[in-house]
Every structure is written in structure tokens, then in C-alpha cells.
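Grab a viewer and a pencil, and try each exercise before you read its solution.

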Amino acid sequence: MKELFGKLADGTEVHRWSLENGGTRLKVLSYGGIVQSLEIPDRHGRCENVSLGFDTIDDYVAKSPYFGALIGRYGNRMAKGRFTLDGKTYQLSVDDGENSLHGGAEGFDKQVWDVEPFTKGSDVGLYLHYTSVDGEMGYPGTLKVKVTYTLDKHGDWRIDYEATTDKATVVNLTSHVYWNLAGEGSGTIEDHELQIAASRYTPTDSGLIPTGETAEVAGTPFDFRHAKEIGRDIRAGHPQQVRAKGYDHNWVLDKGVTAKPEHVATLRDPHSGRTLKILTDQPGLQFYSGNFLDGTLVGTGGRTYRQGDALCLETQHLPDSPNHADFPSTVLRPGQTYQTTTIHSFGA
């Protein structure tokens with residue numbers, strides 16, 4: 001179902017699409033490809049929206065910390081908003097101190113996408129298209145992007161990303177849903193249990209830019225190899241946590257880059273019984289514990305979002321990769337197709 005959600009200041013219409021399959025209900029905006037709500041059942045079959053969002057397009061434009069959005073051209077941070085490719089240095093839009101974050105001041109999260117619904121067998125979904133012109137936010141090459149949202153008969157949500165370019169560029173697309181499996185606006189996620197299949201993570205400097213090293217999680221608060229409550233070690237006083245006000249780091253997945261999505265993380269809310277399993281072919285997972293939610297935002301349920309009321313699990317390449325020769329490459333060249341898949345599998 002398609003409906004008018006609102007209009008931007010220049011009169012551009014923003015539509016909302018509603019999908020339902022396998023017990024999952026998904027509402028998506030053409031603005032930013034935003035997941036406005038995602039409802040899944042608990043152990044008793046009661047559905048609840050488990051993603052943070054707003055009721056109006058004005059709130060998304062004025063206030064949103066990337067709630068539910070598609071992120072591009074480059075997810076996460078780029079040091080000083082610069083990278084060098086084939087001997088040429090590119091200056092990007094700087095929107096996070098001296099750094100570039102999530103593609104710049106007007107990244108893919110702030111663009112209106114062309115949306116087309118589809119049904120394939122027992123699957124339902126949306127095709128989202130956007131063309132990023134050469135030089136947009138400082139990035140080289142005209143990038144043609146297609147993102148496919150699919151709900152299957154089991155209620156799992158799959159994201160397929162594709163992109164092509166006419167000039168060498170760098171690409172790192174992801175999704176920025178804020179999860180609370182107890183329900184949007186219900187309170188802290190510190191009692192959620194999280195497991196991440198990663199033995200190492202990328203420590204950051206004061207600007208939350210990777211230092212270039214990968215550090216062992218063993219013996220630190222960053223060890224989620226076995227499921228544990230998020231709140232157990234979140235105030236352990238580790239220098240990395242103090243700097244980030246909690247968790248806001250990239251875990252280097254043990255599996256690396258893979259040809260097909262593999263299970264890399266599990267999130268569980270013990271009260272509702274809801275679970276989220278994440279499968280991806282990407283080498284990194286950014287776990288952000290909602291540290292900068294400050295009680296000034298009121299969401300779809302009319303409740304205030306405070307620090308730690310949601311978390312993000314962003315499948316991606318490693319942050320600032322173009323500036324670290326040892327990190328997996330994010331370069332895309334003419335004739336190549338960027339392709340990556342992430343699956344969100346829900347249970348209770």
C-alpha cells in the first residue's frame with residue numbers, strides 16, 4: 001500500500017509504503033529509504049514496532065539521527081573527509097567535526113528515492129533507486145544505486161544493495177535501523193543479550209576514527225563472542241568506551257568477506273522473547289548503543305528516546321577503509337557491480 005506521508009520544503013512529495021508477510025509488518029518512506037516502523041510478534045504473538053522513528057517528515061528532516069535510513073555513499077566515518085584514489089585526493093562533505101559521517105551533510109539518507117513494489121512467488125518487497133551524480137558530497141563518479149527490500153514468507157527482512165559507477169570511486173552502503181526488541185520507546189536496551197562472531201575490533205581516536213589497528217576483544221568489554229547483556233560491561237571504564245560514551249565501534253567479523261551472507265550476530269530481548277539474527281557477506285559490524293540519544297526526541301509512540309533506548313547493528317566494510325591500506329578495499333571501478341546482502345531473521 002502506498003500513501004502520501006508528507007512534503008519537503010520544496011514541495012517534493014514523500015510517500016510511505018506498507019508491506020506485510022510472515023507476521024512482519026514494514027513501513028518504508030521514499031525519503032532516505034527510511035524504515036519508519038517494523039513490527040514483529042513476541043512469544044505470545046503480540047506485534048510491536050521494534051524500530052525507532054518519527055510521525056512526520058518534518059521531524060525526519062530537522063532532527064533525525066539517521067533513524068531507519070539507507071546510508072551512502074560511504075557508511076560510517078572518513079577521516080578529515082578525505083581519501084586518495086589513483087593518485088588523486090578527494091575532499092568530501094564534512095559533517096561530524098572535522099570528519100565526514102555517513103556520506104556527508106546530504107547523504108543518501110536525505111534523498112528521495114524512486115520506489116517500486118514487487119511480488120515474487122511468496123516474497124513481497126520494494127525496489128529503491130537513486131542516482132548520485134558525479135561530485136555529489138565530493139565523491140567521484142555517477143553512482144547508480146538499487147536497493148531491494150524483501151519480506152519473505154517467514155517474515156525475514158532481506159536487503160540487497162547494488163551499485164555501478166562511470167568513474168573509480170569508493171562505496172560502503174548500509175542500513176541504520178535503531179532496534180529495541182521490547183518495543184520502540186519502551187526503555188533501555190541494556191538488558192538485551194548480544195552475541196557477535198568477532199575476535200577483534202577497530203579501536204578509534206578522539207574523533208571515533210579507526211587508529212588502523214585491530215585489537216583483540218578477549219579480556220575487554222568488547223568481547224561478545226558469547227551472548228551477554230549489553231549493560232553488563234557498558235560502564236566498565238575502558239578508555240574506548242569513555243571516548244565513545246558506550247559502544248560505537250566496528251567489530252571485525254571472524255568470517256571476513258564471504259560470497260554469501262553468514263550468521264554474524266544475534267540480539268535477544270529476554271522479556272518479549274523476540275530475537276534478531278543478522279546474516280551478512282560484509283567484513284564488519286558497527287555496534288552503536290544509542291549513546292547520543294539525549295531525551296529531546298519524541299518518537300512514533302509518543303515517547304521520549306533517551307540514551308541507551310535503542311541500538312544499531314550496521315553491516316558494512318570497515319570505517320575509513322580508503323585511508324587504511326590493510327583494511328579490505330571499498331573501491332568500485334567502471335564495469336564492476338557493487339553487490340552485498342544483509343538478512344534480518346526474526347524469531348520469538
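Below are four exercises, each with a worked solution.

This is a predicted model, in which local features need pLDDT of at least 70, side-chain atom pairs count only at pLDDT 80 or more, and totals for chains, interfaces and linings use all residues. Residues are numbered from 1 along each chain as its sequence is written, and side-chain values use heavy atoms, with hydrogens and water left out.

**Exercise 1. Work out the strand order of the open sheet of 9 strands, and find its edge strands.**

Step 1: get the terms straight. Strands are DSSP runs (E, at least two residues), numbered from the N terminus, and two of them pair if DSSP finds at least two bridges between them.

Step 2: read across the sheet. The order is 11-12-13-14-29-23-22-17-20, with antiparallel pairing.

Step 3: look at the ends. Strand 11 (114–120) and strand 20 (228–229) each pair on one side only, which makes them the edge strands.

Step 4: check one end. Strand 20 and strand 17 (residues 193–196) pair in the antiparallel sense over 2 bridges; Leu 194 has Lys 228 as its bridge partner in strand 20.

**Exercise 2. Describe the largest nonpolar core, then look for another one.**

Step 1: define it. A nonpolar core is a set of buried Ala, Val, Leu, Ile, Met, Phe, Trp, Tyr and Cys residues joined through side-chain atoms within 4.5 Å. Buried means under 20% relative accessible area, exposed over 50%, partly exposed in between (1.4 Å probe, protein chains only).

Step 2: size it up. The largest core has 56 residues, and Trp 157, Trp 179, Trp 251 and Phe 287 have the most contacts inside it. Strand 13 (residues 143–151) gives the most to this core, with 5 residues.

Step 3: go looking elsewhere. Apart from this core lies another of 22 residues, including Phe 54 and Tyr 305.

**Exercise 3. Which residues does Trp 179 contact, leaving aside neighbours within four places in sequence?**

Step 1: use heavy atoms within 4.5 Å as the contact cut-off.

Step 2: list the partners. Among them are Leu 38, Val 50, Trp 157, Ile 189, His 344 and Phe 346.

**Exercise 4. Hunt for backbone oddities.**

Step 1: recall the norm. Most residues other than glycine have a negative phi, and most peptide bonds are trans.

Step 2: check omega. From Gly 72 to Arg 73 the peptide bond is cis, with omega near 0°; Arg 73 is in the loop between strand 6 (69–71) and strand 7 (77–78).

Step 3: check phi. His 102 has a positive phi, near 55°, and counts as buried because its relative accessibility is 6%. Met 137 also has a positive phi, of about 55°, but is partly exposed at 23%.

Conventions: Helices (H or I, at least four residues) and strands (E, at least two) are DSSP runs, numbered from the N terminus.
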